[in-house]
Each structure stands twice: as structure tokens, then as C-alpha cells.
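Okay, thanks for coming, everyone. I'd like to walk you through one model today, so let me put it up on the screen.

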Amino acid sequence: FVPHIVNMMQAALLRPNALAQPAIAIGFSLVGGTKDAVVQRELEACRALAALGRTQGKRTVHVLDEPERYGNPGDITKTES
């Protein structure tokens with residue numbers, strides 16, 4: 001449920017000094033529903049995280065944007081076939 005994810009991110013990241021680190025990893029899992037519905041919910045949560053980060057002068061980076069940088073194979077896919 002995306003609102004719960006957003007609320008938890010806000011509670012964790014809007015604490016004093018929470019964003020003092022140069023980088024913070026955020027993870028969440030979404031299950032249930034069709035593939036399209038899960039992808040849509042992920043997009044909503046990621047957009048909320050990006051907006052939250054902007055309020056604190058941060059930006060978001062997705063591991064799949066630069067997989068090798070994070071120790072993943074370059075041909076990693078978003079979903080399994």
C-alpha cells in the first residue's frame with residue numbers, strides 16, 4: 001500500500017540529521033496485483049521519494065540506471081521473463 005510506504009519514508013527521512021549522510025539506500029517491496037499495477041505503485045512510491053528528497057536538497061538514483069556501479073550485471077532486467 002503506497003501511502004504506508006510514503007509515510008514510513010517520511011518518518012525515517014524527516015528526522016533531524018537523517019539526511020546528513022552523502023547517500024542513503026531505500027528499499028521496499030510491493031506484492032500482489034498485475035505486473036502493470038505493481039509497476040504503477042512502484043512509480044508512485046519512487047516519485048514520492050524523489051519529491052521528499054528534493055525538499056532536503058537530495059536526489060534519487062535508481063540502481064538499474066547504473067547497475068555496474070552497484071555491483072550488478074549490466075544486463076540486469078527490471079522484471080523476470
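Let's go straight to the buried residues of helix 2, which are Glu42, Ala45, Leu49, Ala50, Leu52 and Gly53. By buried I mean under 20% relative accessible area, while exposed is over 50% and partly exposed is in between, with a 1.4 Å probe and protein chains only. Looking down the axis of helix 2, these buried residues fall within an arc of 160°, so they line one face of the helix. That arc is taken from the directions from the helix axis to the C-beta atoms. On the other side of helix 2 you'll find Asp36, Arg47, Arg54 and Thr55, which are exposed. And what do the buried residues of helix 2 pack against? They pack against helix 1.

Quick word on where this comes from: it's a predicted model, where local features need pLDDT of at least 70 and side-chain atom pairs count only at pLDDT 80 or more, though totals for chains, interfaces and linings use all residues. Residues are numbered from 1 along each chain as its sequence is written, and side-chain values use heavy atoms, with hydrogens and water left out.

Helix 2 has 21 residues, and from its first C-alpha to its last it reaches 31 Å, close to the 30 Å expected at 1.5 Å a residue. The expected span, by the way, is 1.5 Å times one less than the number of residues in the helix. Helices here are DSSP runs of H or I with at least four residues, strands are runs of E with at least two, and they're numbered from the N terminus. Just after helix 2, Gly57 takes a positive phi of about 75°.

Now for two residues inside helix 2. Glu42 sits in this helix, and it counts as buried because its relative accessibility is 19%. Which residues does Glu42 touch, not counting those up to four places away in sequence? Phe28, Leu30, His62 and Lys78. A contact, for us, means heavy atoms within 4.5 Å.

The other one is Arg41, also found in helix 2. Arg41 is at 22% relative accessibility, so it counts as partly exposed. Leaving aside neighbours within four places in sequence, Arg41 is in contact with Val2, Leu30, Val31 and Gly32. Compare that with Ala18: Arg41 and Ala18 are 23 residues apart in sequence, and their C-alpha atoms are 25 Å apart in space.

Over to helix 1, then. It covers residues 2-13, so 12 residues, which should span 16 Å at 1.5 Å a residue; the end C-alpha atoms are 16 Å apart, which agrees. Its buried residues are Val2, Ile5, Val6, Met9 and Leu13. They cover an arc of only 95° around the axis, which puts them on the same side of helix 1. Met8 and Ala11, on the other side of helix 1, are exposed. The buried residues of helix 1 pack against helix 2.

Next, the segment after helix 2. Leu64 has its place there, with helix 2 running 35-55, and Ile76 lies in that segment too. Leu64 counts as partly exposed because it has 30% relative accessibility. Ile76 counts as partly exposed at 36% relative accessibility. How far apart are the C-alpha atoms of Ile76 and Leu64, which are 12 residues apart along the chain? They're separated by 7.5 Å. Leaving out residues up to four places away, Leu64 touches Ile76 and Lys78, and on similar terms, Ile76 is in contact with Leu64 and Pro67. By contrast, Leu64 and Ala48 are 16 residues apart along the chain, with 18 Å between their C-alpha atoms.

Last bit, the whole chain. The protein chain has 2 helices and 0 strands. Its C-alpha atoms fill a box of roughly 40 × 30 × 15 Å, taken along the principal axes. Of its 81 residues, 19% count as buried. As for contacts with a separation of 6 or more, residues 24 or more positions apart account for 40% of them.

Then there's charge: the protein chain has 9 positive and 8 negative side chains, and the centres of the two sets lie 10 Å apart. Lys and Arg count as positive and Asp and Glu as negative, while His and the chain ends aren't counted. Each charge is placed at NZ of Lys, CZ of Arg, CG of Asp or CD of Glu.
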